[in-house]
Amino acid sequence: MTINAKTINIRVADTEEGRNNASMLINKMYAWRGYGSSQRVEDNPNRITLSASDEGQVIGTVTLGIDSPLGILADEVFKDRIDALRDQGAKICEISKLAFDPTVRSKAALGSLFHILYIYAHHLYRCTDAVIEVNPRHRRYYEHMLGFTTFSERRSNPRVSAPAYLMWINLGYMGEQIEKMGGNAENGDICRSLYPYFFSP
């Protein structure tokens, strides 16, 4: 299914219904990939879940976790690597629970979702760096399409019963790529990047 970017609505899943719809999509996608089906989007003051919908149907979701004294989810497996960033003065945020309906073929929807996530992380919460736990089969995608760097060796992630790498990106770099390429979806097939599908600056 191809979706027109102009029909996409992105909003914070800050109601019980919104969180339930996001959880259903996450569990559908995680179960399909063998990651289990017991994920739950919770009402947490340090996490923001965004949902992308088309004509009322949730087609994508992602959660932004802001570092706090309680830490972030990735600390369970990668605390030593995340502490290295903290020790350098970085204000950390975490991208988690990313799920997209496999019948939807829309880089614009994914780019839009990531751009709103960036605005929350960098401009509203003043985070400097983002991390994400990535299954080995998806690592190259994050490297090539968004500019993430692999920041750990491969480890076992008990939350999804699967191996994972910790990947990292400086949000200043992400902002630079948005400035250079955002809003140029017509050139998206020329360069191997998701940034042309972000909004224009």
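Where is arginine 126 found? Select arginine 126 to begin: the residue is in the loop between H3 and S5. Helices (H or I, at least four residues) and strands (E, at least two) are DSSP runs, numbered from the N terminus. The model is predicted, so local features need pLDDT of at least 70 and side-chain atom pairs count only at pLDDT 80 or more, while totals for chains, interfaces and linings use all residues. Residues are numbered from 1 along each chain as its sequence is written, and side-chain values use heavy atoms, with hydrogens and water left out.

**Backbone stops**

Stay on arginine 126. Its phi is near 60 degrees, a positive value in a residue other than glycine. Arginine 126 is exposed, with a relative accessible area of 58%; buried means under 20%, exposed over 50%, and partly exposed in between (1.4 Å probe, protein chains only).

Next select lysine 97, in strand S4. Phi of lysine 97 is near 50 degrees, again positive in a residue other than glycine. Lysine 97 is buried, at 14% relative accessible area.

Then go to proline 136, in the loop between S5 and H4. Proline 136 is partly exposed, at 23% relative accessibility. Show proline 163 as well: the two prolines are 27 residues apart in sequence and 6.9 Å apart in space, C-alpha to C-alpha.

**Rings**

The structure holds four aromatic pairs. Rings of Phe, Tyr and Trp (its six-membered ring) pair if their centres lie within 6.5 Å; planes under 30 degrees apart count as stacked, over 60 as edge-to-face and the rest as tilted. Select tyrosine 141 and tyrosine 142: their ring centres are 5.8 Å apart and their planes are at 80 degrees, so the pair is edge-to-face. Tyrosine 141 is partly exposed at 31%, whereas tyrosine 142 is buried at 10%. Add Phe148 to the selection, as ring pairs link Tyr141, Tyr142 and Phe148 into a cluster.

Move to tyrosine 195 and phenylalanine 198. Their ring centres are 4.9 Å apart with planes at 45 degrees, so this pair is tilted. Tyrosine 195 is buried, with a relative accessible area of 2%, and phenylalanine 198 is buried with a value of 2%.

Now select arginine 81 and phenylalanine 151. The charged end of arginine 81 sits over the ring of phenylalanine 151, 4.2 Å from its centre; a charge sits over a ring if NZ of Lys or CZ of Arg is within 6 Å of the ring centre and within 35 degrees of the ring normal. Arginine 139 lies over the face of tyrosine 165, at 4.2 Å from the ring centre.

**Core**

Which residues of the largest nonpolar core touch the most other members? Select Phe114, Tyr142 and Leu171, which do so in this core of 38 residues. A nonpolar core is a set of buried Ala, Val, Leu, Ile, Met, Phe, Trp, Tyr and Cys residues joined through side-chain atoms within 4.5 Å. Elements that each supply at least two residues of this core include helix H3 (107-124), strand S5 (129-134) and helix H4 (139-146). The largest share, seven residues, comes from H3. In soluble globular proteins, nonpolar side chains tend to be buried together.
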